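Trainee: Could you take me through one spot in this structure closely, and then show me what surrounds it? I'd like to get my bearings before I open the viewer again.

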Amino acid sequence: AKIIAKERLGNDASMIEINGAEWDAKTLKNKLEGTYNLAASLGDKAVIIINEVDRLTTNDQTCLRAFMDARKRMLLIMTTNYHGNVDGGIVDRSDPYHMDGFTPQQAVSIAKPILLANGQDFDDDKLKELFEIRTYDENDKLSLRQIGRIIDGLALPEQQKPNPPDFRVIN
């Protein structure tokens, strides 16, 4: 979603990203309207990203739908894991795209350049095996989140464990 937004963005101030799980009553009023109005004053199109829109309550989705109806000059990108939990009015006002997922071989082609950029060079067959063990059968696909977790595990240095707290008895 961020890649699409950055491609369309005129000004960083014209973009906001919100997680649906963190939505509260002031989000619509303060954050969305504020970003929309700032973008309009700059002559830009507002870019609003709502991750996990399915996590909004029914009332919040109704408010979002009204916001969509009242404002036309914006790019609203929403992500969801549960399409059926999104208000039908929001879906009707949107152009849904389904991300099917990636085969283990496709995951290798995504991971390889990122790993190389981080100084990690892995054999393609070994990488493919790592991705294959995370699928149930040859028809199962990997999400970008799954691929990213594997890449993080390979590319990021081992995190140092914090020292345990030093408990001393003071008399």
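Mentor: Happy to! A residue is called buried when its relative accessible area is under 20%, exposed when over 50%, and partly exposed in between (1.4 Å probe, protein chains only). Our spot is Arg71, which counts as buried because its relative accessible area is 18%. Keep in mind that this is a predicted model: local features need pLDDT of at least 70, side-chain atom pairs count only at pLDDT 80 or more, and totals for chains, interfaces and linings use all residues. Residues are numbered from 1 along each chain as its sequence is written, and side-chain values use heavy atoms, leaving out hydrogens and water.

Arg71 sits in the loop that links helix 3 (58–70) to strand 3 (74–78); helices (H or I, at least four residues) and strands (E, at least two) are DSSP runs, numbered from the N terminus. Setting aside residues up to four places away in sequence, Arg71 touches Glu33 and Tyr36, where a contact means heavy atoms within 4.5 Å. With Glu33 there is also a side-chain polar contact of 3.4 Å (N or O atoms within 3.5 Å; within protein, one able to donate a hydrogen and the other to accept it, with residues adjacent in sequence counted only if both atoms are side-chain atoms).

Now look at the elements on either side of that loop. Helix 3 and strand 3 each supply at least two residues to the largest nonpolar core, as do strand 1 (15–19), helix 2 (25–41) and strand 2 (46–51). Such a core is a set of buried Ala, Val, Leu, Ile, Met, Phe, Trp, Tyr and Cys residues joined through side-chain atoms within 4.5 Å. This one has 19 residues, and Trp23, Leu32, Ile48, Ile50, Leu64, Phe67 and Met74 have the most contacts inside it. Helix 2 gives the most, with 4 residues. Follow Leu64 for a feel of the packing: beyond its neighbours within four places in sequence, its contacts include Trp23, Leu32, Ile50, Leu76 and Ile90. A second, separate core of 11 residues includes Val108, Leu115, Phe131 and Leu142.

Further along the chain, Ala107, Ile110, Ala111, Ile114 and Leu115 of helix 5 meet Leu144, Ile147, Ile151, Leu154 and Ala155 of helix 7.

Stepping back, the chain has 7 helices and 3 strands, in the order α-β-α-β-α-β-α-α-α-α from the N terminus. Of its 171 residues, 30% are buried. Among contacts between residues at least 6 apart in sequence, 68% join residues at least 24 apart.
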